[in-house]
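Subject: Structure handover

Hello,

I am passing this structure on to you, together with my notes on what turned up in it. Have a look at it first, and then read on.

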Amino acid sequence: HVGVLLEPSLAAGLVDRGPAPGGEAAAAWVGLWGDKSETRRFRDGAIVHAVVWSAEEVSRHLIPVQVVRHLLRRHLGVERVASSLGCVERALRCGGACGTWTSAAPKYIAAYEKLAAAIRQLSGLPLAVVSIQPVGAVFSHCEEFPPSAAGDDEVAAAAGDGDAACGPSLARFVVQFESSGKWPDDVSAVAALKTAFYLKMADLLDAQAAGVRCEPRRGGLAVRVDGLLLFGTIVHAKEEKLLAAAGDEPAAAALRLSTVGTAHTAAMHAIASRHAAFGPTVRLVKRWLHCQLLSGIFPPQLVELLVAHLFSPAAPRPPGSALLGFLRALWLLETHDFDAEPLLVGLDDGISPEGRAAAQRAFESARGGEGGGAAIWIATDAAPSGSPWCARGPSVAAVRRVQRLAASALRCLEGTMRHATGAHGGGGADKAGAGGGLV
């Protein structure tokens, strides 16, 4: 049973570049790789030895298995090598109306970019568009099963009056227009003006954008782009204050959370861009919680922040594979003392000492106050006084339950990996160590 330490930035590469032909380095390279090595010319003009691996985009994370199999066969004569690296792949496969992230999410991203470009180019809007931002896990590599297409019933449900956030799989976007004295200071008038904007945008998009179908509603704009559904809302800078002044605190809080959602999506996308294993790890943890019938009490954003802790700048070595990331996430859920310690998540450059001190003070204040605060209390560099997603998290009893389930899942997964590799006995997987992957 062999453990392999992976370098995340190189583990999924299709081409490994070596030295230039001639010399001792080239001889050692060819001696290591054998006939797998070939001399290639690259775009930068370099002519060097290289090893090329073949893999589809959805299976590039399994390239290390190809590497190990080739080296063991060449140097030790081992013909059969079993791997645990892909033993959890089946959990992220789904049929029917859903697709996998690799099959459906790129289409959503392309549809959003097409729509955003069309909105920016619209002529006839009374105010200029300042920004268009995506909201949702499908845009940050974190959605397990994005819908492969939107039917008429889904369009009607998403565009219905009421809550614009119609389910976790709904891809949303937020539009902000320029500031103007034309915006009223009355909540009802702002809502009516936004509805007028939805109607105007729908007419203009239908007339000026090809492949776009719009259905405006009082709560937003449902847009079908090349068969995929996106739901848009307009954000007015003063609306939250107007709602709070009118005494509608629940609506103000919901609007505040919707605004925070754009920054959260951007932060998760940034982490996924830096760490290839982040997105698959999040999707595995969400899928696991769903199978435990707990996904309804763990907000998706809270799960994403829990996993982001493993990939934060303070982490000793981020996981190099989804399997190890899943193991560490289970280990975190099992062992972290959520009652006594806040979970600190550095989304950008990490949390400063001042931010850590502020987070600790806010955590102690929450624990000492009425109700004890959120059962899972997370602070980030953007929200050192506590992430707003924690307030919607699970109860203390649910946290205790998930900790016991995580411990059982770890033992089960270790057994699955030993079975997948044909190994029996010995120690378990390195759950909390610095390993980058398991083969």
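A residue is called buried here when its relative accessible area is under 20%, exposed when over 50%, and partly exposed in between. By that measure, buried residues make up 46% of the 439 residues in the protein chain. Please keep in mind that this is a predicted model.

**Overall picture**

The secondary structure of the chain comes to 13 helices and 12 strands. Taking the contacts with a separation of 6 or more, 69% are between residues 24 or more positions apart. The accessible surface of the chain is about 21,000 Å², and carbon and sulfur atoms account for 54% of that.

**The nonpolar cores**

Which residues touch the most other members of the largest nonpolar core? They are Phe 278, Trp 288 and Ile 378, in a core of 61 residues. At least two residues of this core come from each of α8 (249–274), α9 (278–291), α10 (300–310), α11 (322–335), β10 (343–345), α12 (353–368), β11 (378–380) and α13 (396–421). Helix α11 gives the largest share, with nine residues.

Trp 288 is a good place to start if you want to look inside. Leaving out residues up to four places away in sequence, Trp 288 touches Phe 326, Leu 330, Leu 333, Val 402, Leu 405, Ala 406 and Ala 409. There is also a second, separate core of 36 residues, and among its members are Leu 122, Tyr 198, Val 223 and Val 225.

Ala 409, one of the residues that Trp 288 touches, lies in helix α13. Is Ala 409 buried or exposed? Its relative accessible area is 16%, so Ala 409 counts as buried. Apart from residues up to four places away in sequence, Ala 409 touches Trp 288 and Leu 330. From Ala 409 to Glu 334 the C-alpha distance is 9.9 Å, although the two are 75 residues apart in sequence.

**A cavity**

Rolling a probe the size of a water molecule over the atoms shows where empty space is left. In this structure there is one cavity of 30 Å³ or more. How much space lies in the largest cavity? The value is about 60 Å³.

The lining of the largest cavity is made up of Val 285, Leu 289, Phe 298, Val 303, Leu 306, Val 307, Ala 329, Leu 332 and Leu 333. The elements that give two or more residues to this lining are α9, α10 and α11. Sorted by class, the lining has nine nonpolar residues, no polar ones and no charged ones. Leu 333 links this part to the previous section, as it lines the cavity and is also touched by Trp 288.

**Two loop residues with positive phi**

Asp 226 sits in the loop between β8 (220–225) and β9 (228–235). Its phi is positive, at about 50°, although Asp 226 is not a glycine. With a relative accessible area of 54%, Asp 226 is over the 50% cut-off and therefore exposed.

Leu 293 is in the loop between α9 and α10. Phi of Leu 293 is near 60°, again a positive value in a residue other than glycine. Leu 293 has a relative accessible area of 77%, so this leucine is exposed.

**Some helix residues worth a look**

Leu 242 lies in helix α7 (residues 239–245). Because its relative accessible area is 17%, Leu 242 is buried. Not counting its neighbours within four places in sequence, Leu 242 is in contact with Pro 184, Asp 185, Asp 186, Val 187 and Val 190. The C-alpha atoms of Leu 242 and Ser 188 are 9.9 Å apart, with their positions 54 residues apart in sequence.

Ala 192 belongs to helix α6 (residues 187–208). At 47% relative accessibility, Ala 192 is partly exposed. Arg 218 is 26 residues away from Ala 192 along the chain, and their C-alpha atoms are separated by 8.0 Å.

Ala 362 is in helix α12. With residues up to four places away in sequence left out, Ala 362 touches Trp 377, Pro 384 and Ser 385. Between Ala 362 and Ser 385 the C-alpha distance is 5.3 Å, and the two are 23 residues apart in sequence.

Best wishes

Definitions and conventions. Residues are numbered from 1 along each chain as its sequence is written. This is a predicted model: local features need pLDDT of at least 70, side-chain atom pairs count only at pLDDT 80 or more; totals for chains, interfaces and linings use all residues. Side-chain values use heavy atoms; hydrogens and water are left out. A nonpolar core is a set of buried Ala, Val, Leu, Ile, Met, Phe, Trp, Tyr and Cys residues joined through side-chain atoms within 4.5 Å. Buried means under 20% relative accessible area, exposed over 50%, partly exposed in between (1.4 Å probe, protein chains only). Helices (H or I, at least four residues) and strands (E, at least two) are DSSP runs, numbered from the N terminus. Contact means heavy atoms within 4.5 Å. On a 1 Å grid over the protein atoms alone, a cavity is a set of points where a 1.4 Å probe fits but cannot get out, and a pocket is an open set with protein on both sides within 12 Å along at least five of seven lines; lining residues have an atom within 4 Å of a point. Grid points are joined across faces, edges and corners, and a volume is the space filled by probe spheres set on the points. Ala, Val, Leu, Ile, Met, Phe, Trp, Tyr, Cys and Pro count as nonpolar, Asp, Glu, Lys and Arg as charged, and the others, Gly among them, as polar. Accessible areas come from the Shrake-Rupley method with a 1.4 Å probe; for residues, only the protein chains shown count as cover.
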